[in-house]
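Please read this briefing with the structure open beside it. The notes are grouped by topic.

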Amino acid sequence: MRVVRIAVAQINTTVGDIEGNCESVRRYARRAREEGAEVVVFPELAVSGYPPEDLLFKPSFARACERSLVSLAHDLGDLWAIVGTVELADDLYNAAAVLGSGRVQQTYHKRYLPTYGVFDEDRYFRPGAACPLYVFDGARIGVTICEDMWYPGGPAQWQAAAGADILINISASPFHAGKGRVRERMLATRAADYSAWVVYCNLVGGQDELVFDGRSLVIHPNGNVVAHGA
């Protein structure tokens with residue numbers, strides 16, 4: 001596998017502000033390009049903001065996310081990006097869109113939808129069924145969303161077994177005391193168990209009673225953390 005330069009953009013989004021969120025993606029994508037990145041990664045549901053809750057019952061909201069995503073892909077041009085969004089297809093999905101060459105190349109649908117604590121995702125979304133690999137200039141990349149990585153034997157393992165060199169996880173993981181250490185240990189274990197690089201991008205900022213703490217990570221296949229976000 002050749003070296004791929006990946007930027008991790010742990011941005012602060014606003015629920016419902018689709019255009020404002022997309023402008024943040026554009027701004028950080030420009031910075032990533034200036035710093036020599038070939039791929040830039042954004043958090044879970046970056047386009048809609050997290051958690052969008054009952055806005056998701058409005059089909060017009062999902063369609064607005066999709067239109068903005070198409071415009072975003074055009075504006076990013078040859079810079080590849082992985083962006084969390086809402087996708088309305090046969091049902092509604094929590095999705096990670098792979099943008100490149102000026103268009104939406106493909107989308108991954110979150111498989112594990114949390115329903116504990118502050119989460120109520122299966123109220124809104126259908127779980128995904130596929131675990132594709134994306135090939136970027138010779139590098140095999142698996143993409144998952146938040147909860148998908150917390151389960152051993154889940155989508156990331158299947159992608160690693162299919163030959164993934166890099167496992168990218170986009171997330172909106174809220175803070176509580178000690179959560180950062182638990183999360184880091186879990187991700188380091190996944191990297192070592194699957195013998196793959198793990199690139200983890202978490203949301204940052206506040207939304208109502210939730211605080212998102214960032215702490216994005218890049219982890220070597222041996223389980224050592226090589227980059228740590230604030």
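**Briefing on the predicted chain**

Tyr-134 stands opposite Ile-141, a residue of strand 7. This placement, like everything below, is read from a predicted model. The chain as a whole has five helices and 13 strands.

**The open sheet**

- Six strands form an open sheet in the order 6-7-8-9-12-13, and their pairing is mixed.
- Strand 6 (133-136) and strand 13 (225-228) are the edge strands, each with pairing on one side only.
- From one strand to the next, the twist averages 20°.
- Strand 6 pairs with strand 7 (residues 139-145) in the antiparallel sense, and four bridges link the two.
- Helix 5 (residues 179-194) lies across strand 8 (166-171), strand 9 (197-202), strand 12 (217-219) and strand 13. The angle between helix 5 and strand 12 is about 30°.

**Nonpolar cores**

- The largest nonpolar core has 39 residues, and those that touch the most other members are Val-40, Phe-42, Val-83 and Leu-99.
- At least two residues of this core come from each of helix 1 (18-34), helix 2 (59-76), strand 3 (80-88), strand 4 (92-100) and strand 11 (210-213).
- Helix 2 supplies the largest share of this core, with eight residues.
- A second core, separate from the largest one, has 20 residues, among them Val-4, Ile-82, Ala-96 and Cys-146.

**Contacts of Val-83**

- Which residues is Val-83 in contact with, leaving aside its neighbours within four places in sequence?
- They are Val-25, Phe-42, Pro-43, Ala-46, Val-47, Leu-69, Ala-95, Ala-96, Ala-97, Leu-99 and Ile-170.
- Two of these partners, Phe-42 and Leu-99, are named with Val-83 among the residues of the largest core that touch the most other members.
- Another partner, Ala-96, belongs to the second core.

**The chain as a whole**

- The radius of gyration is 16 Å, close to the 17 Å given by the globule rule for 230 residues, so the chain is as compact as a globular protein of that length.
- Taken along the principal axes, the box filled by the C-alpha atoms is roughly 45 × 40 × 35 Å.
- Buried residues make up 53% of the 230 in the chain.
- Of the contacts between residues at least 6 apart in sequence, 66% join residues at least 24 apart.
- The exposed area of the chain is about 9900 Å², and 50% of it is supplied by carbon and sulfur atoms.

Notes: Residues are numbered from 1 along each chain as its sequence is written. This is a predicted model: local features need pLDDT of at least 70, side-chain atom pairs count only at pLDDT 80 or more; totals for chains, interfaces and linings use all residues. Side-chain values use heavy atoms; hydrogens and water are left out. Two strands pair if DSSP finds at least two bridges between them. Axes are lines fitted to C-alpha atoms, for helices over the stretch in contact, and angles run from 0 to 180 degrees between N-to-C directions. Contact means heavy atoms within 4.5 Å. A nonpolar core is a set of buried Ala, Val, Leu, Ile, Met, Phe, Trp, Tyr and Cys residues joined through side-chain atoms within 4.5 Å. Buried means under 20% relative accessible area, exposed over 50%, partly exposed in between (1.4 Å probe, protein chains only). The radius of gyration is taken over C-alpha atoms; the globule rule is 2.2 Å times the number of residues to the power 0.38. Accessible areas come from the Shrake-Rupley method with a 1.4 Å probe; for residues, only the protein chains shown count as cover.
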